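Let's take a walk through this fold, from the overall layout down to single residues. Have the viewer ready and follow along.

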Amino acid sequence: MTKSISCKDAGKECGWSATADTEEELMSIVTEHVLEEHKEIELNADSIKTIKTLIKDV
Ligand SMILES: [Zn+2]
């Protein structure tokens, strides 16, 4: 199943979205995007958990 996530779902004013085959792959794409575009988001165990709840199966 394909995994999908978008910044809009997280309530961000950002048109970015991504899909990947696995959650691990998607999280590494998300991490890259957050580090580049959303420096206000601190990536820690809590925020990563929250991000994972936004992942959808498509
Ligand atoms: Zn974004």
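What do the buried residues of helix 1 pack against? Keep that one in mind while we set the scene. You're looking at a predicted model, in which local features need pLDDT of at least 70 and side-chain atom pairs count only at pLDDT 80 or more, while totals for chains, interfaces and linings use all residues. Numbering starts from 1 along each chain as its sequence is written.

First, the parts list. The chain has two helices and three strands, where helices (H or I, at least four residues) and strands (E, at least two) are DSSP runs numbered from the N terminus. Going along the sequence, the pattern reads β-β-α-α-β. The radius of gyration is 10 Å, close to the 10 Å from the globule rule for 58 residues, so the chain is as compact as a globular protein of that length. For that comparison, the radius is taken over C-alpha atoms, and the rule is 2.2 Å times the number of residues to the power 0.38. Along the principal axes, the C-alpha atoms fill a box of roughly 30 × 25 × 15 Å.

Now the sheet. Its three strands are arranged in the order 2-1-3, forming an open sheet with antiparallel pairing; two strands pair if DSSP finds at least two bridges between them. Strand 2 (17-20) and strand 3 (56-57) each have a single partner strand and stand at the edges, so one side of each has no neighbour in the sheet. Strand 1 (residues 3-6) is joined to strand 2 by four bridges, and Ser6 stands opposite Ser17 there. With strand 3, strand 1 shares two bridges: Ser4 has Lys56 as its bridge partner, and Lys3 has Asp57.

Strand 1 also shows a neat alternation: Lys3 and Ile5 point to one face and are buried, whereas Ser4 and Ser6 point to the other and are not. Here, buried means 20 or more other C-beta atoms within 10 Å of the residue's own, exposed means 12 or fewer, and partly exposed is in between, with C-beta atoms placed from the backbone.

Next up is helix 1 (residues 23-37), which lies across strand 1 and strand 2 and runs at about 150° to strand 2. That angle is between N-to-C directions, on a scale from 0 to 180 degrees, with axes fitted as lines to C-alpha atoms, for helices over the stretch in contact. Leu26, Val30 and Val34 are buried in helix 1. They cover an arc of only 70° around the axis, which puts them on the same side of the helix; the arc is that of the directions from the helix axis to the C-beta atoms. Glu24, Ser28, Glu32, Leu35 and Glu36 are exposed on the other side.

Back to the opening question: the buried residues of helix 1 pack against strand 1, strand 2 and helix 2 (45-53), with contact meaning C-beta atoms, placed from the backbone, within 7 Å.

Finally, look at Thr50, found in helix 2. Thr50 is exposed, with 11 other C-beta atoms within 10 Å. Its C-alpha atom is separated by 9.1 Å from that of Ala10, although the two residues are 40 residues apart along the chain.

Terms used:
Two residues are in contact if their C-beta atoms, placed from the backbone, lie within 7 Å.
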